[in-house]
Every structure is written in structure tokens, then in C-alpha cells.
Number of protein chains: 2
Amino acid sequence: MMGVNEFDLIARLVETVADARRERTSKWGVQVAVASGDDAAVTVPHGATAISVDSLVEGVHFRRQTAPLGSVGRKALSAALSDLAAMGAAPGEAYVQLGVPDDLDEGGCLELAEGLAQVAAEHDVDVLGGDVTRAPALWVAITVVGHADSADELVRRAGASPDDVLAVTGELGGAAAGLLLLDRPELAEALGEEVAEALRRRQLDPRPRLAAGRALAAAGASAMIDVSDGLGGDAGHVAMASSVRLVIELERLPLQAGVGEVAAAAGVDADDLATARGEDYELLVALPLERVDRASAEVAATGSALTPIGAVEQGEGVVLLAADGSEREPAGFDQLRP
Amino acid sequence: MMGVNEFDLIARLVETVADARRERTSKWGVQVAVASGDDAAVTVPHGATAISVDSLVEGVHFRRQTAPLGSVGRKALSAALSDLAAMGAAPGEAYVQLGVPDDLDEGGCLELAEGLAQVAAEHDVDVLGGDVTRAPALWVAITVVGHADSADELVRRAGASPDDVLAVTGELGGAAAGLLLLDRPELAEALGEEVAEALRRRQLDPRPRLAAGRALAAAGASAMIDVSDGLGGDAGHVAMASSVRLVIELERLPLQAGVGEVAAAAGVDADDLATARGEDYELLVALPLERVDRASAEVAATGSALTPIGAVEQGEGVVLLAADGSEREPAGFDQLRP
């Protein structure tokens, strides 16, 4: 970054990602009184505010050799927004912190910012602030702010009850299979190019299930979480927060097309790609049986699908139930383990 | 971080920094409906919300050889809160993202978290969420949320008018002199130990002027900014946002004790330490002449002092006026320049 002035770069990035609109009322009733360019952004929120933070780090969450900078920007914001989806919150504002290594030039920063800006535009998110600093490796730290009319409308991890149905949106395993394809391109030989490309896209460009999350909240979900650390581990968070036992039937998991073929070619278990690896960014939800039909219809209306995959029981922990009746505990995905 | 489980570590950090209080109403009228441990924190704010983000990166903003980890945690949160002080906002909540390198063990993370927790407690800030990830070097990215009854109560960078008085809280140059002492301990020989220690503390443990910021906002400040990038550069931001010219009289700058001696020993200009280097985290404020007395009294009541250092004029840019009548432009501090 030698020779690039921080304030000039921030100004360029702000031009790229931020809406410098003032005194604007967004569709969620949030007034933006001061947008980017001051010591802090100022909003006048309406109802309840949900805030979450998430970061992507080079060498840990992505490698620049396989992840284009635009997709790093897209994924950073999408992953953060996925946490709002898991609450059933409407996306509102975002704040971006960027650590820029010496070998990333201004063009690279702008490519990343353009990816962020695309996702912000897709979900009507205002990027209201940010911070750019030099760093030994590229990192992006995002703060997202979501809204709801009241705190009661938002769905927590606690709240799952015995006899609730456990269900998941969309398809699983694609992000892990896509990562295998990026690292070992020869694994794609058994797949059609369209299927392989969809798996790679799933890893590089996950989509936060914001509309599905709001639909599930409105349909009366008891508990919800996004599948970021792996279905098994994320189910464990719900089980612990709700003081229940979750039983997941492996044969009911909606695997993305090609996941089985990639797993076979790589010599790994397809179920492991769906349960022990993260980043599918689908929603895992518990809901009373009588609400499943309405929830399925409302999720379908958002362009996704809701698949029942198991049940909530009294007890604790998570059990993966195989077709032959055998049970095992899931392995988790831990971002701090090398 | 080998062998440390992310979720265990997060739980320990949360224990250290977070208030897991639920359904609590803080003194600013903000209800915390969901604290840490869910996909997002949920609050029900009252009035206007100010949000700012700020980060510290190892090798850029601090070196572990000279900065104890507790002080890194303290400074990260203090620097972020300083942006709320510059708006005149009351501090409310904070969110912490931490990038942890392999050579930092759990004890080191907790030491950093304890520093954060101290500053949070000092300013009654609730740490409601966070994210921990592996990283090539230590970084801390903070999001702070502040509050005011209405957006109009908050003071922006725009708003300074010709004939306003320009004033600064506290003392300047100490952070830059302290950094010189940390890098070159022999420079302290000309100083008493108490003066040297105060300079080092100023660099390692800056204090956000939150009470002074609120007092200045209540006293009718026209424009305000915190002195984080250097008085000259920060004055430039106010000049540009307000479309005015700021004249700073160098002989009126309130230099911290020992700054002149350290500058002389290092062979640099004491005025440069006060105007071209950052991190003093005092407040630079423009206010109408008739409000200066009240503002000074109210800032004094917070334990600080307000010193008039110049004037707002028609025009643009920033001028440093020396005692001999000569004028020059300030040099800025740019965090992206190596």
C-alpha cells in the first residue's frame, strides 16, 4: 500500500460501497441522520435492533490464489448478514473494517469493495462506515445491524421444545465440496461443469437466507441458527441454548447435487461434508409440527425450500441417526484449530 | 492457538468482558433483550444511535515487545469510544472481533480481554458480542454503539462557522512523546520518572474524553472531532466538512509535561509531536465565542480542561501560526503510509 493515502482510499471505498444519503428513511423505518464521513454514523432506529460481527482472514478463511477479491468482499458481507437471517431480522446497515497488506494495491481494494457493494445492493443494506488500516495479511471485519418491530419477533437459539420438528433451508454440503474442488481441481472430473461450478460458487459466494429467515420467524419458529460452523456443531449450539436433544436423520439431509460424487472422489464421507464442515449458510430451525406446512410454503415463496431433517427431544446434545439405525455424535468445525 | 477450542475460548472471553445480563435497562434507556451467545445481540434503543468502528493491528499500531496485552485491549476499546466522545454520544454497547496468531496463548487472549473489560467497566459499556478467529498477526476490531435522545444533540464535523473559537481538551503531544520513549528508552534520561511514565501511559493507555464530549455537545459546540490522526490532519477534516479555514496558534497548544524535553532529546520539533502525530485522543472543538466560558466550566467539571487554540475563518484548509507570525500547513499522520 506504499504511496496510497488512507483518506483518499477511504474516500474511494466509500464511493464504491457507501450510500452517502442523508436524512433518508429506509423501508424498515430507520432514519439515517449521519452517514459515512464523520466520527460515527447516526441512525434513529425503530423497534428492536440486532447487531452481529463477523470476519474473514486471509490464510484462515480464504486464499487469494483461489478466491477472487470480489468474492472475498461478497462472502464477508454475506456471512455477516447470515447471522441476521438466523434471527429473522431485516438487514439495515453495515460497517466495514479492512486490513490491507502491502502487496494489495488500490485496484485490489476496490475489487473487494465492489463485491461488498453488490451484496449490500442486493439486500438494500446501507454501508455507513468503515476503517482501513495496513495489516500483515488481508482481513475484513464486518458489523451488520438488522431491525424488527419488536424484540419478540426475533428468533433465538434458545426456544426449541421437545416434539418440535427440526428442519433446514436449501441444500447442504455444497460449500465443503466446493472448497475441495478449489483446492483439488482434478476432483471435478466426475462432474458436469455446471454442477462443479455451482459447488465452487457455493463456497465462494454463499447467499444469506434473509427472506427465508424472516418467513420462518413470521411462521412461528421456536429456535433458529445459521449453518456456518457445520450442521452438527450449530445444532449443538441450539441444543445447549434450548436444553434439548436434537436428532438428525442423515438420510433426510438435502445434499447439494455433486456433493456425493466429490466426497467419493476425495475419499471422504458425504455426510461429513454436510454435517461436520461449515459455510453452507442455510438456516437450521426448530418449529412446532402444526406450523411446518405454513413455514414450508412461506420459505418456498422466497425461492428456497424447507426440509424436515429430524426432531427435538428431551435430553441434551446432538445425535446423527443413520439409515441402518446406528447413532453417532457430530464432529464440529473449529475455526481456531489449524 | 493449537489445541484451544474456539467456542471454549469465546466462552472464557465472554465471561471476562461481557455482561450476559438479560432484559436489563441501562441508564441511557437502552433495553438489552439478547446479550452475547446468540447469532446477534438484540437491543431496543431509545432516541438516536451513533455507531463507529476502529481497529488496532500488531506491527502497525502496536508492538507486543513494548505494549503489554492488557494495554492493547484497553487502547482498542478506548480509541473506539473516543469516536463516540467526538459526537457527544453516551457510550452504550461494544462488539469485539479478535484475530489471534498461533504464538498467542489463551492466557494472552484473556489478558487482552481483561484490558477491554476494565475500560468497558470504567465507562459502563456492555460488551454484547464478538468473534474470535485465527490470524497471521494479532488484531482487534471494535464496534461501539452510543446513544443520545435525538440526532440533533450529536455534534458533527460539519458545523464550524467563521468567528467560532477553536479549542482543545486536555494536553497534546504526549502520545507521540510516549511512543518515542517506548522505542528509545534512553530519551527518558532528561525527565523525571513520573513525567516519563505519564508520557508512556498516554501512548499505551489513552482515555476517551466521553464526559467532556457530552459536556461540549450540551454547551452548544458547532463541530467536533477527536484528535486521533494528529491535530493538523483532524483539523483538516473539520475544515473540509465545514467549508471553513482553521487557524491554530502554535504557542497556545497545551503541551503535556515532558513533550518539549523528549522532542529536544530526539532532535524533533515539539510542535510536530503535538500537530503531526496522532493518538492523543483529545477533542478538537469549534464553538461560538459566547459559549466558551460555559463550555470551559463544564469541561473542567469533568476533570479535564478546555484551551482556546485558534479561530475559525472564512476560506479553506488549516494554518499553523507560529509566535513569529510565520504560517505553515500541518503534516498529517496516515496509517497506510509505512
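Two strands are taken to pair if DSSP finds at least two bridges between them. In this predicted model, strand S2 (residues 31–34) of chain A satisfies that criterion with strand S3 (residues 41–44) of chain A, since three bridges join them in an antiparallel arrangement. Within this pair, A:Val34 stands opposite A:Val42 in S3(A). The two strands form a hairpin with six residues between them, and A:Gly37, located in the turn, has a positive phi of about 105°.

From this hairpin one may turn to chain A as a whole. Chain A contains ten helices and 14 strands. Its radius of gyration is 20 Å, close to the 20 Å that the globule rule gives for 338 residues, so chain A is as compact as a globular protein of that length. The C-alpha trace of chain A spans about 65 × 50 × 35 Å along its principal axes. Of the 338 residues of chain A, 61% count as buried. Among contacts in chain A with a separation of 6 or more, 83% are between residues 24 or more positions apart.

A seven-stranded open sheet with mixed pairing is found in chain A, in the order S9-S11-S8-S12-S10-S13-S14. Strand S9 (223–226) and strand S14 (327–328) of chain A are its edge strands, each pairing on one side only. Further inside that order, strand S10 (residues 245–249) of chain A runs parallel to strand S13 (residues 317–321) of chain A, and five bridges join the two. A:Val247 has A:Val319 as its bridge partner in S13(A). In general, strands of a sheet pair through backbone hydrogen bonds, either parallel or antiparallel.

Chain B has an open sheet of seven strands as well, with the order S9-S11-S8-S12-S10-S13-S14 and mixed pairing. Strand S9 (223–226) and strand S14 (327–328) of chain B stand at the edges with a single partner strand each, so one side of each is left without a neighbour in the sheet. An antiparallel pair in this chain consists of strand S8 (residues 165–169) and strand S11 (residues 283–287) of chain B, joined by four bridges. There, B:Leu166 has B:Ala286 in S11(B) as its bridge partner.

The helices of chain A may be approached through helix H8 (residues 259–266), whose buried residues are A:Val259, A:Glu261, A:Val262 and A:Ala263. These buried residues of H8(A) pack against helix H4 (174–183), helix H5 (193–204) and helix H9 (270–275) of chain A. After H8(A) comes A:Gly267, with a positive phi near 75°.

Beyond H9 of chain A, the loop that leads to strand S11 (283–287) of chain A contains A:Asp280. Is A:Asp280 buried or exposed? The threshold for a buried residue is 20 or more other C-beta atoms within 10 Å of its own; A:Asp280 has 31 C-beta neighbours inside 10 Å and therefore counts as buried. Not counting residues up to four places away in sequence, A:Asp280 touches A:Leu172, A:Gly174, A:Ala175 and A:Val227. The C-alpha atom of A:Asp280 is separated by 9.3 Å from that of A:Pro208, a residue 72 residues apart from A:Asp280 along the chain.

The relation between the two chains comes next. A rotation of 180° with 0.0 Å of shift along its axis superposes chain A on chain B, with an RMSD of 0.0 Å. The two copies are thus related as by a two-fold rotation axis. The interface residues of chain A are 100% also interface residues in chain B, so the copies meet through the same surface.

Chain A contributes 58 residues to the contact, and chain B contributes 58 residues. On the side of chain A that touches chain B, strand S4 (residues 48–57) of chain A gives the most, with nine residues. That side of chain A comprises 33 nonpolar, 14 polar and eleven charged residues. S4(A) pairs across the interface with strand S3 (residues 41–44) of chain B, in the antiparallel sense and over three bridges. Here A:Thr49 stands opposite B:Thr43 in S3(B).

The nonpolar core completes the picture. In soluble globular proteins, nonpolar side chains tend to be buried together. Which members of the largest nonpolar core touch the most other members? Of its 228 residues, they are A:Ala50, A:Leu216, B:Ala50 and B:Leu216. With its neighbours within four places in sequence left aside, B:Ala50 is in contact with A:Ala40, A:Ala41 and A:Val42 of chain A, and with B:Leu84, B:Met87, B:Ala89, B:Gly146, B:Ala148 and B:Leu154 of chain B.

Terms used. Residues numbered from 1 in each chain as written. Chains lettered and ligands numbered in written order. Predicted model: local features only at pLDDT ≥ 70, side-chain atom pairs only at ≥ 80, totals over all residues. Core = buried A, V, L, I, M, F, W, Y, C linked by C-beta atoms within 7 Å. Buried ≥ 20, exposed ≤ 12 C-beta atoms within 10 Å, placed from the backbone. Contact = placed C-beta atoms within 7 Å. Rg over C-alpha atoms; globule rule 2.2 N^0.38 Å. Least-squares fit on C-alpha atoms with pLDDT ≥ 70 in both. Nonpolar A, V, L, I, M, F, W, Y, C, P; charged D, E, K, R; others polar.
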